Protein chains: 2
Amino acid sequence: MSKMKIIQGGVTAPASFKASGVSCGIKASEKKDLAVILSEVPATTSAVFTTNKMAAAPVRFSRCNARNGICRAVVINSGNANACTGLKGEEDAFEMIDKTAEALSIHPQDVIVASTGVIGVPLPMDKVEKGIVDAISLLSKEGHTDAAEAIMTTDTYSKEIAVQFEFRGKTVTIGGMAKGSGMIAPNMATMLAFLTTDINICRTCLRASLTEAVNKSFNMITVDGETSTNDMVAVLASGKAGNEKLILGDDDYNVFQKALNYVATELAKMIVKDGEGTTKFIEIDIKGAKTGKDAKKVAMVIANSNLVKTAFFGEDANWGRIISALGHSGTEIDPETVDIYFDDVQIVKNSIALSFDENKVNEILKNDEIRVIVDLNIGDGKAKVWTCDLSYDYVKINASYRT
Amino acid sequence: MSKMKIIQGGVTAPASFKASGVSCGIKASEKKDLAVILSEVPATTSAVFTTNKMAAAPVRFSRCNARNGICRAVVINSGNANACTGLKGEEDAFEMIDKTAEALSIHPQDVIVASTGVIGVPLPMDKVEKGIVDAISLLSKEGHTDAAEAIMTTDTYSKEIAVQFEFRGKTVTIGGMAKGSGMIAPNMATMLAFLTTDINICRTCLRASLTEAVNKSFNMITVDGETSTNDMVAVLASGKAGNEKLILGDDDYNVFQKALNYVATELAKMIVKDGEGTTKFIEIDIKGAKTGKDAKKVAMVIANSNLVKTAFFGEDANWGRIISALGHSGTEIDPETVDIYFDDVQIVKNSIALSFDENKVNEILKNDEIRVIVDLNIGDGKAKVWTCDLSYDYVKINASYRT
């Protein structure tokens with residue numbers, strides 16, 4: 001990993017990928033709302049999807065289309081989720097696939113479609129279809145930021161990253177873009193993220209890599225405990241780096257896995273940092289839980305507690321709310337052995353307040369990024385979850401999203 | 001039940017009960033912060049306690065003291081939860097019991113103690129002890145409102161109720177007081193509530209009645225999904241109404257049960273209506289779930305969704321968030337059969353938006369009380385849960401509670 005370096009760019013950084021983003025009028029604001037990613041060659045592909053049972057039409061189609069492990073293009077609109085739109089929604093999702101395939105002269109089964117935005121409103125298909133044609137005419141190596149902008153909803157900035165590393169004598173690149181920023185919670189694929197790479201990799205290996213990367217990144221973030229109807233993470237591998245094909249079980253598999261984890265984790269953290277109304281990025285670092293599963297559960301209960309989140313917004317060392325949250329998390333704890341630290345300052349030892357330095361703690365709470373360490377001292381289970389505070393602006397953004 | 005009537009008063013309305021509330025200086029605001037309820041005779045007693053594993057010292061002592069089914073006095077302080085206070089906290093909770101018993105010349109085991117407020121700060125016991133002596137000197141039939149005020153934390157008004165009904169030729173009275181208003185969530189005893197009655201009732205019967213009343217009332221409300229370290233519901237029955245003793249299995253058992261349910265439900269609704277920062281009272285009425293358990297689970301996920309709650313605050317008919325919440329509730333649903341109504345207007349049929357009358361819906365959303373009916377159409381499971389919206393003021397209150 002010492003050789004991995006961050007480079008400029010996003011989803012078009014790896015060889016064979018182009019992208020674009022246009023405004024086609026789905027959003028009243030006239031901001032960009034339709035993106036296309038194209039691989040010039042059939043890309044080995046894997047994707048994970050929302051666990052929400054009310055999965056939107058595009059999710060249902062993309063789940064089918066991703067099954068064959070090959071993809072040429074991804075088409076994504078923002079401003080409208082095409083969820084809870086019935087038969088018309090299914091027709092529209094298929095039409096997006098079909099129109100994209102037609103304009104690119106590729107097979108419809110090689111297109112992945114995604115939508116994000118308001119639920120329950122039919123897509124303005126005339127606008128969407130024109131947008132697809134426009135976006136495809138603008139596909140380019142430089143289009144990555146336009147694409148990243150075109151998938152934003154309440155995001156305040158676009159989220160992209162690219163890294164490079166040497167692998168079997170070749171330079172491999174991974175790029176990615178993602179969007180949040182409300183309805184973010186664990187259980188896989190809780191927002192939109194599209195990862196591209198030019199590594200030559202077998203399908204089984206890519207699927208395993210994506211699962212691990214998502215479990216360590218997107219599944220460990222939460223803004224508000226909601227799991228959207230629409231979200232997905234997809235990875236496309238063009239093979240154009242020219243390395244000898246990576247297959248599962250290879251000794252150097254971890255070189256790719258670590259790089260993919262890095263890209264996914266950075267995008268996941270960007271989503272939390274741009275969480276709706278967030279003013280602070282908070283890492284909940286659980287140690288000493290009975291099991292890893294318990295650790296994640298405790299971390300998520302703390303991270304989703306409105307009382308904990310508002311206390312951080314208020315820069316208030318109200319560790320009692322952390323104690324209370326873990327007490328009702330439903331996991332095994334010993335009420336007498338909990339230690340809590342804010343950054344490097346211990347606040348609680350054996351479940352009792354220490355007489356900590358209030359000034360030092362107040363300084364920590366003023367920071368934009370805060371690490372909360374909770375050691376349950378009953379086992380070896382660990383988990384890190386990333387979340388944000390709950391501010392007036394979260395309420396403001398969400399009280400008026402639809403209207 | 002036709003004969004049940006609401007009367008003036010609170011916990012002192014039933015025969016043999018006195019109460020008082022004083023300011024002893026636990027709260028910096030000099031508001032009342034210590035309450036005592038006394039039964040002139042040993043009262044048959046039952047109580048339920050928080051399920052939070054970090055249960056505070058007073059909860060642990062009261063759980064023991066309630067076990068014998070007899071109580072003479074309840075002593076409650078607000079402004080300090082005496083939770084996460086270690087050995088000193090246990091000594092202090094016991095001292096509150098002991099001081100109360102001594103001043104009243106009763107047995108310590110016949111005293112229930114409760115605390116509510118900030119976590120992790122030792123009680124100022126000199127003030128508390130003086131407060132107990134003062135409160136006991138002021139015990140009276142008129143003291144019910146002082147007591148109800150003395151248990152408030154962020155509540156904006158005190159919560160009391162009393163009802164009367166005829167039972168076996170005697171007039172039976174039930175009184176009650178409660179406090180919220182943050183950290184309100186299901187799983188029993190999620191706030192403080194004290195119910196008194198003069199009915200002559202056996203202990204087993206009283207325990208069964210309390211369990212049912214709590215399950216239908218306090219366990220069906222949620223403000224923010226938190227379960228506090230401190231909360232309890234206790235009922236004391238003096239027997240002074242003089243009715244022939246009510247025992248489990250009696251034909252007219254339901255007369256008492258319905259009255260107790262009514263008192264508990266009214267207090268529970270008062271808590272939600274005074275939820276931190278709330279501007280709207282929302283009933284989530286689930287029908288057609290696979291089971292009653294599923295219905296409650298779905299109702300609670302919707303009721304605790306920040307996105308749903310902020311939409312109601314914004315008076316926004318964003319039913320998509322309700323659909324999304326039920327999709328990730330983890331219960332069985334059919335994605336094609338969900339119906340949603342706001343009051344009497346159907347918004348969604350078979351999971352698809354109807355072209356409803358926007359003006360009529362906007363009028364409904366402006367109301368202080370809104371009923372959301374969700375029919376899953378897959379079974380007979382039902383549940384009603386009461387919640388409130390999420391406003392700027394929730395954030396404001398909780399961002400600065402401790403400091």
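Into which domains is chain A divided? The model on screen is predicted. Select residues 5–273 of chain A for domain 1, then 281–399 for domain 2.

**Stop 1: the two domains of chain A**

With both domains coloured, place a marker at the centre of each, taken over C-alpha atoms; domain 1 of chain A and domain 2 of chain A have centres separated by 32 Å. Where they touch, domain 1 of chain A contributes 12 residues and domain 2 of chain A contributes 11 residues. On the domain 1 side, select strand 9 (221–222) and helix 6 (253–273) of chain A, the elements that give two or more residues to the side touching domain 2. Helix 6 of chain A supplies the largest share of that side, with four residues. By class, the domain 1 side of this contact holds six nonpolar, four polar and two charged residues.

**Stop 2: helix 5 against helix 6, chain A**

Keep helix 6 of chain A selected and add helix 5, residues 203–216 of chain A. The two helices pack with axes 9 Å apart, at an angle of about 40°. At such an angle, helix 5 and helix 6 of chain A are therefore oblique to each other. The crossing of these two helices of chain A is right-handed.

Show side chains for the contact. From helix 5 of chain A, select A:Cys205, A:Ser209, A:Glu212, A:Ala213, A:Val214 and A:Lys216. From helix 6 of chain A, select A:Tyr253, A:Phe256, A:Gln257, A:Leu260, A:Asn261, A:Ala264 and A:Thr265. The residues in this contact of helix 5 with helix 6 of chain A divide into seven nonpolar, four polar and two charged.

**Stop 3: the seven-strand sheet of chain A**

Next, show the strands of chain A in the order 9-16-11-15-12-13-14; these seven make an open sheet with mixed pairing. Which strands stand at the edges? They are strand 9 and strand 14 (352–353) of chain A; each has a single partner strand, so one side of each has no neighbour in the sheet.

Now bring in helix 7, residues 292–303 of chain A. Helix 7 of chain A lies across strand 9, strand 11 (281–289) and strand 16 (381–388) of that chain, and runs at about 20° to strand 16.

**Stop 4: two hairpins in chain A**

Zoom in on strand 12, residues 339–342 of chain A, which pairs with strand 13 of chain A in the antiparallel sense over three bridges. Within this pair, A:Phe342 is opposite A:Val345 of strand 13. Strands 12 and 13 of chain A form a hairpin with two residues between them, and A:Asp343 in the turn has a positive phi of about 50°.

Continue along strand 13 (residues 345–349) of chain A to strand 14 of chain A; the two run antiparallel and are joined by two bridges. A:Val348 has A:Ala353 of strand 14 of chain A as its bridge partner. Strands 13 and 14 of chain A also form a hairpin with two residues between them. In that turn, select A:Asn350, which has a positive phi of about 50°.

**Stop 5: the sheet of chain B**

Move to chain B and select strands in the order 9-16-11-15-12-13-14, an open sheet of seven with mixed pairing. Strand 9 (221–222) and strand 14 (352–353) of chain B are the edge strands, and each pairs on one side only.

Inside the sheet, select strand 11 (residues 281–289) and strand 16 (residues 381–388) of chain B, which pair in the antiparallel sense over seven bridges. B:Ala289 is found opposite B:Gly381 of strand 16 of chain B. Then add helix 6 (residues 253–273) of chain B, which packs on the sheet and touches strand 9, strand 11 and strand 16 of chain B. The direction of helix 6 of chain B makes about 45° with that of strand 16 of chain B.

**Stop 6: helix 8 and helix 9, chain B**

Finally, select helix 8 (residues 306–313) and helix 9 (residues 319–327) of chain B, whose axes come within 9 Å and cross at roughly 160°. These two helices of chain B are therefore roughly antiparallel to each other. Helix 8 of chain B passes helix 9 of chain B in a left-handed crossing.

The contact uses B:Leu307, B:Val308 and B:Ala311 of helix 8 of chain B, with B:Arg321, B:Ile322 and B:Ala325 of helix 9 of chain B. By class, this contact of helix 8 with helix 9 of chain B has five nonpolar residues, no polar ones and one charged.

How values were computed: Residues numbered from 1 in each chain as written. Chains lettered and ligands numbered in written order. Predicted model: local features only at pLDDT ≥ 70, side-chain atom pairs only at ≥ 80, totals over all residues. Domains from an automatic or database assignment. Contact = placed C-beta atoms within 7 Å. Nonpolar A, V, L, I, M, F, W, Y, C, P; charged D, E, K, R; others polar. Axes fitted to C-alpha atoms, helices over the stretch in contact; angles between N-to-C directions. Parallel < 35°, antiparallel > 145°, perpendicular 65-115°, else oblique. Left-handed = near helix turned anticlockwise from the far one by under 90°. Pairing = 2+ DSSP bridges.
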